[in-house]
Amino acid sequence: MGAGAVEGRGSVRLGRLDAVLAAGYPQVPEARVPGLYEEAVISDRIRLAVPPGHPLAGGEGPRDLAEFAGRPWLLDRASRLGRLALHLCADAGFVPDVVSDIGDMQAVFGLVSLGWGVALAPDLAPDRPGHPVVRVPLKGVDPVRRITLVVREGARNSPPVAALLPAVREAADELRRSARDRRA
C-alpha cells in the first residue's frame, strides 16, 4: 500500500498499517508523531535533474540553484520534496515557474528528459528506462532525503516487526551497493 509520509505515520499510529517506509527532508521539518518508533534506514542526496544536453548539465561541478531561475520546473507542491524545492528556490532568491504539478518521479524523469523542465530528484530514485536525465549537484546546499521505517512503539519487538527490520536493513544495503555500482 502506498502512502505519503504523514498519512503513513498516522496509519501506523492508528493500527491500520504495521509499518511504513517514510521519506523525510531535514530542510523541511515535520512534527514528530507520538507513540511511533522510527529507525533510519538509508539516506541519499537530492540533486537537480536536467535533460541531457542542457547547457547547465556539463561536468563543471556543482551549480548554483539561482542559475535555474526562470526555467520551467516540475514538482508536486503538496509533497515534501515539492516543498523542499520551493524552500530551496526561495533561499536562492526566486520562485520556480512550475509548469507541471506532478509527483510521480518516473513521470517527472520522462518529462525532464524531453526538456519540459527541471526537477529535484533523490539519487536513489531509479532512472526511467529510455528517458535519460543528468543529475546536477547543487552549490552551497546539500539537501538529503532520509528514509525511516516507522512502527508503533509498542510493536517494535513483536515477531513480525522484529523480522521486518533486518530485511529492510538488508534491502537498504543492497540499494546502496546498486547505486554505487551505477555511479562507478
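Two strands pair if DSSP finds at least two bridges between them; strands (E, at least two residues) and helices (H or I, at least four) are DSSP runs numbered from the N terminus. The model is predicted, so local features need pLDDT of at least 70 and side-chain atom pairs count only at pLDDT 80 or more, while totals for chains, interfaces and linings use all residues. Residues are numbered from 1 along each chain as its sequence is written, and side-chain values use heavy atoms, with hydrogens and water left out.

**Exercise 1. Determine which strands pair with S2, and in which sense.**

Step 1. S2 pairs with strand S7 (residues 144–152) in the antiparallel sense, over nine bridges. Leucine 36 has arginine 152 in S7 as its bridge partner.

Step 2. S2 and S5 also run antiparallel and are joined by four bridges. Here isoleucine 46 stands opposite proline 122 of S5.

Step 3. Three bridges, again in the antiparallel sense, pair S2 with S6. Alanine 49 has its bridge partner in S6, namely arginine 135.

**Exercise 2. Characterise the surroundings of arginine 135.**

Step 1. Arginine 135 is placed in strand S6.

Step 2. Polar contacts are considered next (pairs of N or O atoms within 3.5 Å; within protein, one must be able to donate a hydrogen and the other to accept it, and residues adjacent in sequence count only if both atoms are side-chain atoms). The side chains of arginine 135 and aspartate 127 are joined by such a contact of 2.5 Å. The arginine 135 side chain also reaches the backbone oxygen of alanine 125, at 2.7 Å.

Step 3. Contact means heavy atoms within 4.5 Å. With neighbours within four places in sequence left aside, the residues in contact with arginine 135 include Arg47, Phe109, Pro122 and Asp123.

**Exercise 3. Analyse the salt bridges and locate the partners of selected examples.**

Step 1. A salt bridge is a side-chain nitrogen of Lys or Arg within 4 Å of a carboxyl oxygen of Asp or Glu. The search of the whole structure yields 14 salt bridges.

Step 2. Glutamate 38 and arginine 9 meet through their side chains in a salt bridge of 2.8 Å, N to O. Because glutamate 38 belongs to strand S2 (residues 36–50) and arginine 9 to helix H1 (residues 5–13), this pair ties together parts that are 29 residues apart in sequence. For accessibility, buried means under 20% relative accessible area, exposed over 50%, and partly exposed in between (1.4 Å probe, protein chains only). Glutamate 38, at 27% relative accessibility, counts as partly exposed, whereas arginine 9 is buried, with a relative accessible area of 5%.

Step 3. In the salt bridge of arginine 47 with aspartate 123, the closest N and O atoms are 3.0 Å apart. Arginine 47 lies in strand S2 and aspartate 123 in the loop between strand S5 (119–122) and strand S6 (134–136), so the pair ties together parts that are 76 residues apart in sequence. Arginine 47 counts as partly exposed at 21% relative accessibility; aspartate 123 is buried, at 11%.

Step 4. Arginine 177 and glutamate 174 form a salt bridge whose closest N and O atoms are 3.0 Å apart. Both residues lie in helix H4 (residues 159–183), three residues apart, about one turn of the helix. Arginine 177 is partly exposed at 38% relative accessibility, and glutamate 174 is partly exposed at 43%.

Step 5. Arg9, Glu30, Glu38 and Arg80 are joined into one network by salt bridges that share partners.

**Exercise 4. Describe the aromatic pair and the charge placed over a ring.**

Step 1. Rings of Phe, Tyr and Trp (its six-membered ring) pair if their centres lie within 6.5 Å; planes under 30 degrees apart count as stacked, over 60 as edge-to-face and the rest as tilted. The structure holds one aromatic pair. Tryptophan 73 and phenylalanine 94 form this tilted pair, at 6.2 Å centre to centre and 45° between the planes.

Step 2. Tryptophan 73 lies in strand S3 (residues 72–74) and phenylalanine 94 in the loop between helix H2 (80–91) and strand S4 (97–100), so the pair ties together parts that are 21 residues apart in sequence. Both tryptophan 73 and phenylalanine 94 are buried.

Step 3. A charge sits over a ring if NZ of Lys or CZ of Arg is within 6 Å of the ring centre and within 35 degrees of the ring normal. The charged end of arginine 156 sits over the tyrosine 37 ring, 4.0 Å from its centre.
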